[in-house]
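Welcome! Here are a few short exercises to help you find your way around a new structure. Take a look at the model first, then try each task before reading its solution.

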Amino acid sequence: MKKIEAIIKPFKLDDVIEALTELGIEGVSVSEVRGFGRQKGRTEIYKGAEYVVDFLPKVKVETVVADDLVEPALQSIQKAAATGKIGDGKVFVIPVEAALRIRTGERNENAI
């Protein structure tokens, strides 16, 4: 099993969730996050003063999938989240040692 964490632009969230659902991935967590990468921040003007916004709004989508779904999930996320512009985001894949469904006691792949 692997945990997939995708940091994406907020307006791409629905597209990414739809793409994951089409693969049969049902369990997804979404968090609003802020950060920056190579795009750095952006300059804004407020009441005549110019200032730099260092942290940009992003969305983090997290899911745990069986090993055989990792590559299809990565491809689906990339296709759904891409705008072709800087700041499209990143996806991380992390090993998961165990999973437990609290309600039933199911473990590992049966729990996801």
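The exercises below concern a predicted model, and each comes with a worked solution.

**Exercise 1. Find the order of the strands in the sheet, and say which strands lie at its edges.**

Solution. Start with the sheet as a whole: it is open and has 4 strands, in the order β2-β5-β1-β6. Next, look at who pairs on one side only: that is β2 (29–35) and β6, so these are the edge strands by the pairing rule. Then check the sense of the pairing, which is antiparallel. From one strand to the next, the twist averages 20°.

**Exercise 2. Take a closer look at β2 and β5: how many bridges do they pair over?**

Solution. The two strands pair over 7 bridges, in the antiparallel sense. For a landmark, find R34, which stands opposite P57 in β5.

**Exercise 3. Work out which strands each helix touches as it packs on the sheet.**

Solution. Begin with α1, which packs on the sheet and touches β1, β2 and β5. The direction of α1 makes about 10° with that of β5. Now turn to α2, which also packs on the sheet, touching β1, β5 and β6. The direction of α2 makes about 5° with that of β1.

**Exercise 4. Explain why the salt bridge between K2 and D67 ties together parts that are apart in sequence.**

Solution. First, confirm the pair: the side chains of K2 and D67 meet at 3.2 Å, N to O, and the cut-off for a salt bridge is within 4 Å. Second, place the partners: K2 lies in strand β1 (residues 2–8) and D67 in the loop between β5 (56–65) and α2 (70–81), so the pair links parts 65 residues apart in sequence. Third, check accessibility: K2 is partly exposed at 25%, and D67 is partly exposed at 42%.

**Exercise 5. Are D88 and K9 buried or exposed, and where do they lie?**

Solution. Their side chains form a salt bridge of 3.7 Å, N to O. D88 lies in the loop between α2 and β6 (89–95), and K9 in the loop between β1 and α1 (13–22), so this pair joins parts 79 residues apart in sequence. Both D88 and K9 are buried.

**Exercise 6. Compare the accessibility of D15 and K12, then look for a salt-bridge network.**

Solution. D15 and K12 meet in a salt bridge of 3.5 Å, N to O. D15 is partly exposed at 35% relative accessibility, whereas K12, at 13%, is buried. Finally, K3, E5 and E62 are joined into one network by salt bridges that share partners. The total count is 6 salt bridges.

How values were computed: Residues numbered from 1 in each chain as written. Predicted model: local features only at pLDDT ≥ 70, side-chain atom pairs only at ≥ 80, totals over all residues. Heavy atoms only, no water. Buried < 20%, exposed > 50% of the residue type's maximum accessible area, 1.4 Å probe, protein only. Axes fitted to C-alpha atoms, helices over the stretch in contact; angles between N-to-C directions. Contact = heavy atoms within 4.5 Å.
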